[in-house]
Each structure stands twice: as structure tokens, then as C-alpha cells.
Amino acid sequence: MKKDDCIFCKIANGEIPSSTLYEDADFRVVLDIGPATKGHALILPKEHFENLYELDDAVASKALVLAKKMACRMKEVLHCTGFNLVQNNGAAAGQTVMHFHMHLIPRYDDNALPLWKPQELNPEDAAALVSLIRQP
Ligand code: AMP
Ligand code: ZN
């Protein structure tokens, strides 16, 4: 299903022009208008899912296969030396467009773009988190 007031629904379904790198029945891949690096692109499902929690399992599987295909293509033609696959959920995580998308971010040796600052994990916190999060 599409959502009427969603810009990524409109882009994914071709109602708004975009720099399209790939399209099939389920997805459109477009260049990001505010790229972090050369080639930064977005995988957009044509159906509206707000985030990862709501994403259909079959679409989720296809999205990762497509991400791999695009990453291999970009590596080949852009000669990037690294690659980040980024996917934000919720404003606290930096999501600004509430339609599920995956960022394809080619990385280059001359490009410093730290995605997070590592902190320390102490054994007590690790044990508490394992008992809280571990999937039964
Ligand atoms: P996020 O912060 O994960 O929600 O990412 C949203 C991304 O969408 C940002 O990197 C924006 O630069 C990008 N963006 C927003 N509007 C457009 C648009 N019309 N076409 C292409 N990319 C867009
Ligand atoms: Zn949408």
C-alpha cells in the first residue's frame, strides 16, 4: 500500500522524478539529494512501511539481496574501497523520512566519516543486556 502524503512513496512509484539507479517491481534505488559521499543512494520499497519494525519479511529479504547487488555494482564502477549500509528507525536514530529506506554509502580511503564514537562495554552491563535482549 502507498501512503498519500509520503514523498518516498511518490519517488519510489515514479510520481516524482528522481535520479534512478535501479528499478524493479518492488523497489526503486535513487541517488540521495544530500549525499554523504559520491554515489550515496537509497533503496526505497514501492510499498509504504514506516520503518524496520513494520517491514514485511519478504520485502526485507529482497532488500538485502538488492543492497548486495548495488554494493557490488558500486564497488566495480566507483572503485570505492569500503561500503556502509545504514538504516535509521525513528527520530532518535536520525530517521527524517518515515518510509523505510536503506542508505547505500560508498566509502573512499580519503573520506573520514565516523558513524559513531565507540564507548566501553563493562561486564555487568553486558550481562544485564544479554538477559534483557536475548531472543528466546
Ligand atoms: P534518513 O535520515 O535515514 O530518514 O534519510 C533520509 C534521506 O533522504 C536523507 O539522506 C536525505 O538527504 C534524503 N532525501 C530526502 N528527500 C529526498 C529526495 N527528494 N530525493 C532523494 N533523497 C532525499
Ligand atoms: Zn511511503
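How many helices and strands does the secondary structure of the protein come to? The answer is three helices and five strands. The model is predicted. The protein has 136 residues, and 35% of them count as buried. Ligand 1 sits in the largest pocket.

**Overall build**

- Read from the N terminus on, the elements of the protein follow the order α-β-β-β-α-β-β-α.
- The C-alpha trace spans about 50 × 40 × 25 Å along its principal axes.
- Helix H1 covers residues 7-12.
- Strand S3 (41-45) and helix H2 (57-78) have a loop between them, and Lys46 is placed there.
- Another loop lies between H2 and strand S4 (82-86), and this one holds His79.
- A further loop lies between S4 and strand S5 (102-107), and His101 is found in it.

**The surroundings of ligand 1**

- There are 15 residues around ligand 1.
- Those that come nearest are Asp32, Gly94, Thr96, His101 and His103.
- By type, the shell divides into seven nonpolar residues, seven polar ones and one charged one.
- Helix H1 gives the largest share of this shell, with three residues.

**Polar contacts of ligand 1**

- On the backbone side, a polar atom of Ile33 is 3.2 Å from a nitrogen atom of ligand 1.
- The side chain of His101 has an N or O atom 2.8 Å from an oxygen atom of ligand 1.
- His103 also takes part: one of its polar side-chain atoms lies 2.8 Å from an oxygen atom of ligand 1.
- Ligand 1 taken alone exposes 500 Å², and the protein buries 80% of that.

**His101 up close**

- His101 is among the residues that come nearest to ligand 1.
- Is His101 buried or exposed? His101 has 6% relative accessibility, so it counts as buried, the cut-off being under 20%.
- The side chain of His101 also has a partner within the protein: one of its polar atoms lies 2.7 Å from the backbone oxygen of His99.

**Lys46: a buried lysine in a loop**

- Lys46 has a relative accessible area of 16%. That value is under 20%, so Lys46 is buried.
- Which residue has its backbone oxygen 2.8 Å from a polar atom of the side chain of Lys46? That residue is Asp24.

**His79: an exposed loop residue**

- His79 reaches 59% relative accessibility. Exposed means over 50%, so His79 counts as exposed.
- The backbone of His79 has a phi near 60°. This is a positive value in a residue other than glycine.

**Leu104: a buried strand residue**

- Leu104 has its place in strand S5.
- The relative accessible area of Leu104 is 0%, and the residue is therefore buried.
- How many residues apart in sequence are Leu104 and Asn13? They are 91 residues apart.
- In space, Leu104 and Asn13 are 19 Å apart, C-alpha to C-alpha.

**To recap**

- Ligand 1 lies in the largest pocket, and the protein buries 80% of the area that ligand 1 exposes when taken alone.
- His101 has polar contacts with ligand 1 and with the backbone oxygen of His99.
- Lys46 is buried, as is Leu104, whereas His79 is exposed.

Notes: Residues are numbered from 1 along each chain as its sequence is written. Chains are lettered from A and ligands numbered from 1 in the order in which they are written. This is a predicted model: local features need pLDDT of at least 70, side-chain atom pairs count only at pLDDT 80 or more; totals for chains, interfaces and linings use all residues. Side-chain values use heavy atoms; hydrogens and water are left out. A residue is near a molecule or strand if one of its heavy atoms lies within 4 Å of it. A polar contact is a pair of N or O atoms within 3.5 Å; within protein, one must be able to donate a hydrogen and the other to accept it, and residues adjacent in sequence count only if both atoms are side-chain atoms. Accessible areas come from the Shrake-Rupley method with a 1.4 Å probe; for residues, only the protein chains shown count as cover. On a 1 Å grid over the protein atoms alone, a cavity is a set of points where a 1.4 Å probe fits but cannot get out, and a pocket is an open set with protein on both sides within 12 Å along at least five of seven lines; lining residues have an atom within 4 Å of a point. A molecule sits in a cavity or pocket if more than half of its atoms lie within 2 Å of its grid points. Helices (H or I, at least four residues) and strands (E, at least two) are DSSP runs, numbered from the N terminus. Ala, Val, Leu, Ile, Met, Phe, Trp, Tyr, Cys and Pro count as nonpolar, Asp, Glu, Lys and Arg as charged, and the others, Gly among them, as polar. Buried means under 20% relative accessible area, exposed over 50%, partly exposed in between (1.4 Å probe, protein chains only).
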